[in-house]
Amino acid sequence: MHKFHFKDFDYLVVQPSPDHVIIGGSVYVEGDTIKAAGDAAEVEKQIKDNDDVKVIDGKGKLLMPGLVDAHAHIGDWCSQICYNSLNFDMIEEVDQILDIYFWPAWAWYTAEAAYDFTLFGLAHMLKHGTTCSSNNYLWAGPTIRALSDSGARGINHANLLTIIQRKDGKNGEEQLARIEETISEYHEPDGRVQVGVGPDTPWNVQSDILVKGMELAERHDLQYGIHIAEGFAEMEECEKLWAGKGGYMKHLLDLGLLTPRTLVWHGIAFNHEQIDILAERDVAVVHCPMRCPEFRYNTHLAYMLHKGMRVGLGTDHAPHNIFRSMYGCRLLQDATQREYHLENPWTPLELATQGGARALRLEDQIGTLDIGKKADLITYDISRESSFFPHTEATVIMGLIMQGPSGTTQDVMVDGKLLRQNGEFTELDEDDLWERTSRRINEFKDYYYDGLKQGKQMVVRNHPDYAGI
Ligand SMILES: [Zn+2]
């Protein structure tokens, strides 16, 4: 069994608040589990009779729980080419944006590209402190294989989408079958690699597929992630579409989609009344603050937390650096006049650790460095970290939220396995990943720009948005 002594760190963040920061702290790991955490001398006493213990020296470093990105489209690098190249209005032009900039990429992705892009994205996340993620991307098999190979923890909420034909399935039935195939091979209930079901939205996936997806999730006790209330245009269209059935929320309830296994991504446009319905049913939400400015509105996050909801933080699109989401969360909440406010200045760090763990139903395993939890932890060199200066328990916590570390992770452990050490990957070949991913991006760029120039049809539609079928 592996034994690791993370020894005498300048700062040890056991839980995400200044009260749980220890100056001169250590963590002892056996196998995949944290066996001791706290004051360095105390931990030393507890492990003194153990042999074969590998020591990670903490001088000049900070040690904290691995971060949780509860919503990301990790392999979706191609749509970034299109997405970032234009001026657009996400409210007025969302349909055209999807048709021109997202769906051509989603119709193009091959199994090999999906694997490489996902592994590249997961490596990027490990570099930036995220050890656990929920990924909503296509090609269920190759993407969960990438998760398994990366060493990171996560739930692969493979995407279901019926409006367009993709290479991993012309329709929802084929996409569902691909998710089902991955369950026996990869899904570890309570383990590092988990399968989830991830329909895109209630307005671009046929209702029968939404329901079948939920049935699949129930059969195997999987989580069910879905984008809802990303903006007001969606809410208005859906209210109109299902007016005869009592409105959007009533439609979702009638389909049986609002349950404790449901993870709503975004939820920007929910009002208090709608949040009450979600809270009553113990639905979890992932707040993605970097999307809020595009929809010119801020999520009612503080109200969700006031109602006791399980809320995590997500990055949604690249760059998948959850420190940016913490910063965005803090700024948006401070800038929004609301009846309810965040309880603590460090709430964003709580959301990116314990909150995300709760939202993903992993709170017994990860989110803090308490004894008995899985050994998912990250370290940073803060010996010259002037962004947090002067270093105290409070400035270190607020520095993480407001500035983020200046550098990338030094050491990363997931499930007791060391994935990075002294700023380098232990197994992943970063140069090879760069080379493969860059080559595939260039293939897509050539295809996409050529297609645009020649007016080629790059997307085959099955049905329109908001078809109500
Ligand atoms: Zn999303």
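Visitor: Going by its C-beta neighbours inside 10 Å, what does Asn171 count as?
Guide: Good place to start, and please note that this is a predicted model, where local features need pLDDT of at least 70, side-chain atom pairs count only at pLDDT 80 or more, and totals for chains, interfaces and linings use all residues. Residues are numbered from 1 along each chain as its sequence is written. With C-beta atoms placed from the backbone, a residue is buried if 20 or more other C-beta atoms lie within 10 Å of its own, exposed if 12 or fewer, and partly exposed in between. Asn171 has 17 C-beta neighbours inside 10 Å, so it counts as partly exposed.

Visitor: Which residues is Asn171 in contact with, beyond its neighbours within four places in sequence?
Guide: Asn171 lies in the loop between E8 and H6, where helices (H or I, at least four residues) and strands (E, at least two) are DSSP runs numbered from the N terminus. Its C-alpha is 8.5 Å from that of Leu160, eleven residues away in sequence. Contact means C-beta atoms, placed from the backbone, that lie within 7 Å. Leaving aside neighbours within four places in sequence, the contacts of Asn171 are Thr162 and Asn462.

Visitor: And Asn156: is this residue buried or exposed?
Guide: Asn156 sits in strand E8. Leaving aside neighbours within four places in sequence, it is in contact with Asn135, Ala140, Thr143, Ile144, Leu147, Val195 and Gly196. There are 31 other C-beta atoms within 10 Å of Asn156, so this residue is buried.

Visitor: How far does helix H6 reach from its first C-alpha to its last?
Guide: H6 covers residues 172–186, which makes 15 residues. The expected span of a helix is 1.5 Å times one less than its number of residues. For H6 that expectation is 21 Å, and the reach in the model is close to it, at 21 Å.

Visitor: Where do the buried residues of H6 fall, seen down its axis?
Guide: The buried residues of H6 are Gly172, Gln175, Leu176, Ile179 and Thr182. On the other side of the helix, Ala177, Ser184 and Glu185 are exposed. The arc is that of the directions from the helix axis to the C-beta atoms. Since the buried residues fall within an arc of 120°, they line one face of the helix.

Visitor: Which elements do the buried residues of H6 pack against?
Guide: Two strands and two helices share this packing. The strands are E8 (153–160) and E9 (193–199). The helices are H5 (140–150) and H7 (207–220).

Visitor: Which helix gives the most to the largest nonpolar core?
Guide: Such a core is a set of buried Ala, Val, Leu, Ile, Met, Phe, Trp, Tyr and Cys residues joined through C-beta atoms within 7 Å. The largest has 131 residues, and Leu12, Val27, Leu62, Leu63, Leu122, Val264 and Val285 touch the most other members. With ten residues, spanning 111–127 as a helix, the top contributor is H4.

Visitor: Where does this core lie with respect to the domains?
Guide: The bounds, from an automatic or database domain assignment, are 3–66 + 368–425 for domain 1 and 67–359 for domain 2. Both domains give residues to the core, so it lies between domain 1 and domain 2.

Visitor: Which helix gives the most to the side of domain 1 that touches domain 2?
Guide: The centres of the two domains, taken over C-alpha atoms, are 30 Å apart, and the contact takes 22 residues from domain 1 and 24 residues from domain 2. Helix H15 (393–402), strand E15 (411–414) and strand E16 (417–421) each supply at least two residues of the domain 1 side. The leading contributor to that side, with five residues, is H15.

Visitor: What is omega for the cis peptide bond that joins Phe389 and Pro390?
Guide: Most residues other than glycine have a negative phi, and most peptide bonds are trans. A cis bond also joins Ala318 and Pro319, with omega about 0°. Pro390 lies in the loop between strand E14 (377–381) and H15. For the bond that joins Phe389 and Pro390, omega is about -5°.

Visitor: What is the phi of Asp8?
Guide: Asp8 lies in strand E1 (residues 3–13). It has 21 other C-beta atoms within 10 Å, so Asp8 is buried. Its phi is positive in a residue other than glycine, near 55°.
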